[in-house]
Amino acid sequence: MSARTSSGPVASRHGWAHALVTVLGALAAMGAVAALGLWAAGAADLPGGAFPQVLAATLVTAVGGTVRLSGDAGGLAGTEGGLSVVPLSITLTGALAVGWGFLRPLRHRAVAGAPELGWWAARIAVLWLLALVGLALAARHTFEIPLGDGPLGDLGELFGFRPVVGFAADVPLTALIGLVWLAGVLLVALMVSRGAPLPAELLRVQASVRPAALAMVRLLLATVVIALVVALVVAATRGHPVETFAVILLGLPNVAWPALTVGLGATWEGRVEGPFGLPMPHVLDEVLRTPDLSEVNLGTLVEQGGAQWWWLLAADAVLLPAAAFVMAALSPARVRVWQHAVRLAVALALTVLMICLTARISARIGLSVLGIGDLGEGFSGEVVLAPRLWSALGLALLWGPAAGFVGAAAARAVRRRGGGAADR
């Protein structure tokens, strides 16, 4: 294929048709993963035929959109709730699909002008925005909470209240955040693809940015693959395969990526109360099911679940130098070892920041009557999990130089053994 960059051939390679295929393909992939995950989680049995609306809400949250909970129980009762969680398995599926669709028409190109890339991204953004608005408008439903035959049911019959809980997507905020998410995905796709063209103005940063970005993406994907293998083994040996597949399809990176930070020594804080639980290993639920905020780190996991949790530290001690090796191997030979160490430190800190911002969980629902607290364990609960951000970033800045030095030294030794390498 020719490397021509004139407007005619460019337009034919990535016009509106290609943008539509990219957007629809990404949504179809995300929808399939989300639907299977929700089915495994039991959402197909939701009352009132709410599965399509819940599916739309799941897709909205996967791209960072906002879904607000609301409730109404009449004048004598009250409901409250909040939800903040990103189903990262669906997010990752969408990012891979969008990135592939964005890069495919640009392959076999050495350089692309900024206006060309901008117009190609704009086409995708326009169609993506329309899809987001449609999903956000569809992501709304109301459920009636059954009170049963106990004292709570008697109070409901006596005072004539019927508590309902609903959800609805915030359309403007979803559109805004969804566009920011798309821009981030397209930017990362350009940065990690060695075959994607860059504007001439950015070619000078290619040698320093692309190897580090690609190393971090491969690190994140490697942790997901390892978590997938562990999950499949657990499903095959310890039962509950349907629940395990729900976690795989909805939130596997929600487990794998915080585990990466815990292996660095980071601490997450959280609490689990009521009938809800975390889509994570049972030991984590046990650590967090306390009256106050609990800490999740290597120490608490080893104390609760045994010495097997030290494998998180061992995994990081292997994966991070391996990522540094990849980064150094893809970089020009003239780059010094200390430069690799600095670049990996910065890249790892940014990666940990992304994990801390996207993997946190907050969910709360409550029902009160006559102002008397939360009533009924079946109607009230709370799940919170959040990182200690600054300590996690500090640990990344400590691990990054050490791992970068080890990986770069190993890559340099391999190059020397192979007779050297020309600068790329």
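Leaving out neighbours within four places in sequence, leucine 55 makes contact with Gly31, Ala34, Ala35 and Leu38. The model in which these contacts occur is predicted. Leucine 55 belongs to helix H3, which covers residues 51-62. Its relative accessibility is 19%, and leucine 55 therefore counts as buried, since the term applies to values under 20%. One of its contact partners, glycine 31, is 24 residues away along the chain, and the C-alpha atoms of leucine 55 and glycine 31 are separated by 7.5 Å.

A second helix, H12, comprises the 20 residues 311-330. At 1.5 Å a residue, H12 should span 28 Å, and its end C-alpha atoms are 28 Å apart, so the expectation and the model agree. The buried residues of H12 include the leucines Leu312, Leu319, Leu320 and Leu330, together with Asp316 and Pro321. Ala323, Ala324, Met327 and Ala328 are also buried. An α-helix has 3.6 residues a turn, so residues three or four places apart point the same way.

The values for the protein chain as a whole are given below.

| Property of the protein chain | Value |
|---|---|
| Helices and strands | 14 helices and eight strands |
| Buried residues | 46% of the 424 residues |
| Exposed area | about 20200 Å² |
| Share of the exposed area from carbon and sulfur atoms | 68% |

Contacts along the protein chain were also classified by sequence separation. Among those between residues at least 6 apart in sequence, 75% join residues at least 24 apart. Leucine 55 and glycine 31, in contact with each other, are 24 residues apart along the chain.

Definitions and conventions
Residues are numbered from 1 along each chain as its sequence is written. This is a predicted model: local features need pLDDT of at least 70, side-chain atom pairs count only at pLDDT 80 or more; totals for chains, interfaces and linings use all residues. Side-chain values use heavy atoms; hydrogens and water are left out. Helices (H or I, at least four residues) and strands (E, at least two) are DSSP runs, numbered from the N terminus. Buried means under 20% relative accessible area, exposed over 50%, partly exposed in between (1.4 Å probe, protein chains only). Contact means heavy atoms within 4.5 Å. Accessible areas come from the Shrake-Rupley method with a 1.4 Å probe; for residues, only the protein chains shown count as cover. The expected span of a helix is 1.5 Å times one less than its number of residues.
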